[in-house]
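Reader: I am new to this structure and should like to learn how its features are read. May we begin with the strands?

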Amino acid sequence: MSSLQLLQASSPSLSSSKADNLPSHGLDSCSTMAELKQYHSQIIRLGLSADNDAMGRVIKFCAISKSGDLNYALEVFNEIPHPDAFIYNTIIRGYLQRQLARNCFLLFSQMLNKSVSPNKFTYPPLIRACCIDNAIEEGKQIHAQVFKFGFGADGFCLNNLIHMYVNFQTLEQARRVFDNMPQRDVVSWTTLITGYSQWGFVDEAREVFELMPERNSVSWNAMIAAYVQSNHFHEALSLFNRMRSENVVLDKFVAASMLSACTGLGALEKGKWIHGYIKKSGIELDAKLATTVIDMYCKCGCLEKAFEVFNELPQKGISSWNCMIGGLATHGKGEAAIELFKEMEKEMVTPDGITFVNVLSACAHSGLVGEGKHYFQYMTEVLGIKPSMEHFGCMVDLLGRAGLLEEARKLINEMPVNPDVGVLGAFVGACRIHGNTGLGEEIGKKVIELEPHNSGRYVLLANLYASSGRWEDVARIRKLMNDRGVKKAPGYSMIESESGVDEFIAGGSSHPQAKEIYAKVDEILETIRSIGYVPDTDGVLHDIDEEEKENPLYYHSEKLAIAFGLLKTKPGETLRISKNLRICRDCHQASKLISKVYDREIIIRDRNRFHHFRMGECSCKDYW
């Protein structure tokens, strides 16, 4: 006998006064299935088991509430002689919450077969169900049903249809629904903007944004987030400045997007301003936003401020701990990262896979081989965390950098899954550092075939050949790239100034102060030559990917950025530079000498890590 039948058989009778008071108030205050069943029992004894209003409330709690029971809702549903649209809609929503898309469609078919007319609340959950199951054909049929039953002007239905077609990646159809809407609201516009940007059509998203008759913080954030997600950080910053000029209130979502843009640009001062605005305006610094602030400070080269925010958090979630440990790792502070990890465990916060990616990365950047081996074993054997490809990549990097190439290769061979290009690339990079062409050549060729359109894979093998003086093989790799139409990513460096973020490419002359900048570079080089600087042309030949044999060597993008920084800042101020590629050996050596001669701290974030140059030394201790 089902629980429902037991209720029907054993429910006590109610006095008329209780019956008068029963109904909806009690049902609306239910918080558990036990309470719900008591009220359901009373409803049955009142003779209301066929009443759609009363039973609809029972079903609503069971199907939709977090404390509900969908199976119980279905039992009740099956006992109702003539369920109405509200009850069907509620069960459909219950199925949707549990990701049971096919059940939604079957129940809708049953609804139509029973001649129950859908209403405007029927279609949105059905459309969402199509998105879950990528049910394109069903989506088209439901779209037709929306118009057939007279809801072709309902904004809620149409907005959901736009979202559905975006989800299907049929943007033309999404735009057609949008264009034919009799009245559009902010949701309509924002959904289309987000849809275009989601699939990489950022220019189209901007066109729609500019057509909006009115914009609120949600629509501004949609467009700013579109730029951030596509790495168009300059455009995001420009749009943010326009938003401020139009006096639009900055909410936590816009703040989070702009902090990410500042992170991408290395725009510390702008990031500080946004953080200050968050504190001044009383925006809640929830766990997600706090982590974004910490990440911004870490990646803009300001660990002190990152720690300040981290330590002020009343409660630290796993994401905050991971972010701070990861920040220490990229700054080459391996010992500090390990100490913070130990503190995290003392606070009874359980580490996850991301935690160990950061810990192992910290060990790799700092040459802590023994500690790295210990934590890999601790992760797998003590905590039972299954190592991911990233964990193996960190271990191969750790062993390879330390010259333990045979041990690294053994680890690769013993992996339970086939290594990806990241793992194999780390091994080839290590072979290049230690000049072991024999071990790296075969794997380098495999890496190219795994990612034939990634220029970095070709360059990795070419640099391996170059390190051994095998110039014919270098030429062969270059020819292969040309034959396949593979282009190398251009190198650039960025530095923040009062006017914004200035970007430099090697040998570029588009900057309005190019003449002064190049004159400053010449002055710098002349000065550091007097204390022993000799251009590392061999290093440039090896690093053919990073900025080719820039003509001349002296005008690498980071040298231009440093020159600009010296021109634009006061004596003693720290220069913070972001570079999209790995810094070359010549620029690394030059930066050390510049920091000494000009008495400046120079912080350069390259593709892999941070380099803090101070008084002629680098924080990496030349271990990079």
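Author: Strands of a sheet pair through backbone hydrogen bonds, either parallel or antiparallel. Here, an open sheet of six strands follows the order 2-1-3-4-5-6, with mixed pairing. Its edge strands are strand 2 (500-505) and strand 6 (617-618), each of which pairs on one side only. Strands (E, at least two residues) and helices (H or I, at least four) are DSSP runs numbered from the N terminus, and two strands pair if DSSP finds at least two bridges between them.

Reader: On what basis should the model be read?

Author: This is a predicted model, in which local features need pLDDT of at least 70 and side-chain atom pairs count only at pLDDT 80 or more, while totals for chains, interfaces and linings use all residues. Residues are numbered from 1 along each chain as its sequence is written, and side-chain values use heavy atoms, leaving out hydrogens and water.

Reader: Which strand is joined to strand 6 by two bridges?

Author: Strand 5 (residues 610-614) is, and the two run antiparallel. Phenylalanine 613 stands opposite cysteine 618 in strand 6.

Reader: How many salt bridges does the structure hold?

Author: Side chains of opposite charge can pair when their charged atoms come close. The structure holds 31 salt bridges (a side-chain nitrogen of Lys or Arg within 4 Å of a carboxyl oxygen of Asp or Glu). One of them joins glutamate 138 and arginine 102 (2.6 Å, N to O). Glutamate 138 lies in helix 10 (residues 136-148) and arginine 102 in helix 8 (residues 101-113), so the pair ties together parts 36 residues apart in sequence.
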